[in-house]
Amino acid sequence: MKKFLLTITAIAGITFASQAQTEAGKTMIGGSIRFSTTSEKDSDEKENSFSIEPQIGYFVANNIAVGTRIGYGWSKDESGSGQETINNSFSVSPFGRIYQGGGPVKFFGQLSIPMSWGKAKLNDDEVGTNSSYGVALSPGLAYFPTERIGIEFSVTGLYFNSTKHESDVFDNNWTRNDFGLNVNSLTPSIGVQFHF
């Protein structure tokens, strides 16, 4: 009988803790940092990039959160002819998220509106601007091993993005529209959110 009561108490505690993480008034904090470098063998061509994107969300109701991701990105391409192209951008991505399920595992759907603005330089001279606007609907799964930590697995999902480049020097203004569905389970995004 003692074992049965202890088991019931443990299950109730886990269920309560997982519900508390997504209840109204709670805050979640996360984000991402990326760095990559590429070089070609027997060539002077190199590419380096860096980005940082902190994210904060607030639960306006039980299992419903709104928030934003704010970021900065930088990249530098060096060609074999000695030219350097540098791009930097500021981004903001407001989002809304709904959780479903009980216990330590919950499914979620997230609608986000990613936007970014940046400048392009060629050999330290500004040559143009870039802007991007989009919308994405992303499914995911959150696992809550403790009261304050959520481990998330998500995929890109359904998305649309429009990128515009306006050149100040060259006659090569362009706009590119991307639309797609990406639910590849072999390349999910994995992250950690902290809940307070």
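**Figure 1. Lining of the second largest pocket in the predicted model.** The residues lining the second largest pocket comprise five nonpolar, six polar and one charged. They are Thr-85, Asn-87, Ala-120, Lys-121, Leu-122, Val-127, Asn-130, His-165, Ser-167, Phe-170, Asn-172 and Trp-174. Two or more lining residues come from each of strand S4 (84–100), strand S6 (115–122), strand S7 (125–143) and strand S9 (157–167). S6 contributes the most, with three residues. The space in the second largest pocket amounts to about 160 Å³.

**Figure 2. The largest cavity and its lining.** Rolling a probe the size of a water molecule over the atoms shows where empty space is left. One cavity of 30 Å³ or more turns up when the whole structure is searched. The volume of the largest cavity is about 40 Å³. Ala-20, Gln-21, Lys-26, Glu-147, Arg-148, His-195 and Phe-196 form its lining. By class, the lining of the largest cavity has two nonpolar, two polar and three charged residues.

**Figure 3. The largest nonpolar core.** In soluble globular proteins, nonpolar side chains tend to be buried together. Here the largest nonpolar core consists of eight residues: Met-28, Phe-59, Ala-65, Phe-95, Tyr-99, Phe-108, Ala-142 and Phe-144. Phe-108, one of these core residues, touches Tyr-99 and Ala-142, which also belong to the core. Its other contacts, leaving aside neighbours within four places in sequence, are with Arg-97, Ile-98, Ser-138, Pro-139, Gly-140, Leu-141, Glu-152 and Ser-154.

**Figure 4. Surroundings of Ser-154 in strand S8.** Strand S8 spans residues 149–154 and includes Ser-154. Ser-154 counts as buried because its relative accessibility is 18%, and buried means under 20%. Not counting residues up to four places away in sequence, Ser-154 is in contact with Phe-108, Pro-139, Gly-140, Pro-188 and Ser-189. Ser-154 and Phe-107 are 47 residues apart along the chain, and their C-alpha atoms are separated by 9.6 Å.

**Figure 5. Strand S1 and its two pairing partners.** Strand S1 (residues 27–39) pairs with strand S2 (residues 46–61) in the antiparallel sense, over 13 bridges. Within this pairing, Tyr-58 of S2 is opposite Thr-27. The S1 and S2 hairpin has six residues between the strands, and Asp-42 in this hairpin takes a positive phi near 60°. S1 also runs antiparallel to strand S11 (residues 189–195), to which two bridges join it. Met-28 has His-195 as its bridge partner in S11. Met-28 is also one of the residues of the largest nonpolar core, while His-195 is among the residues lining the largest cavity.

**Figure 6. Asn-63 in the loop between S2 and S3.** Most residues other than glycine have a negative phi, and most peptide bonds are trans. Asn-63 is not a glycine, yet its phi is positive, at about 70°. The loop that holds Asn-63 lies between S2 and strand S3 (64–78). Asn-63 counts as buried because its relative accessibility is 18%, with the limit set at under 20%.

**Figure 7. The whole protein chain, for orientation.** The protein chain contains one helix and 11 strands. Along the sequence, the pattern is α-β-β-β-β-β-β-β-β-β-β-β. Of the 196 residues in the protein chain, 30% are buried. Among contacts with a separation of 6 or more, 56% are between residues 24 or more positions apart.

Notes. Residues numbered from 1 in each chain as written. Predicted model: local features only at pLDDT ≥ 70, side-chain atom pairs only at ≥ 80, totals over all residues. Heavy atoms only, no water. 1 Å grid on protein atoms, 1.4 Å probe; cavity = no way out; pocket = protein on both sides within 12 Å on 5 of 7 lines; lining within 4 Å. Points joined across faces, edges and corners; volume = space filled by probe spheres on them. Helix = DSSP H or I, 4+ residues; strand = E, 2+ residues; numbered from the N terminus. Nonpolar A, V, L, I, M, F, W, Y, C, P; charged D, E, K, R; others polar. Core = buried A, V, L, I, M, F, W, Y, C linked by side-chain atoms within 4.5 Å. Buried < 20%, exposed > 50% of the residue type's maximum accessible area, 1.4 Å probe, protein only. Contact = heavy atoms within 4.5 Å. Pairing = 2+ DSSP bridges.
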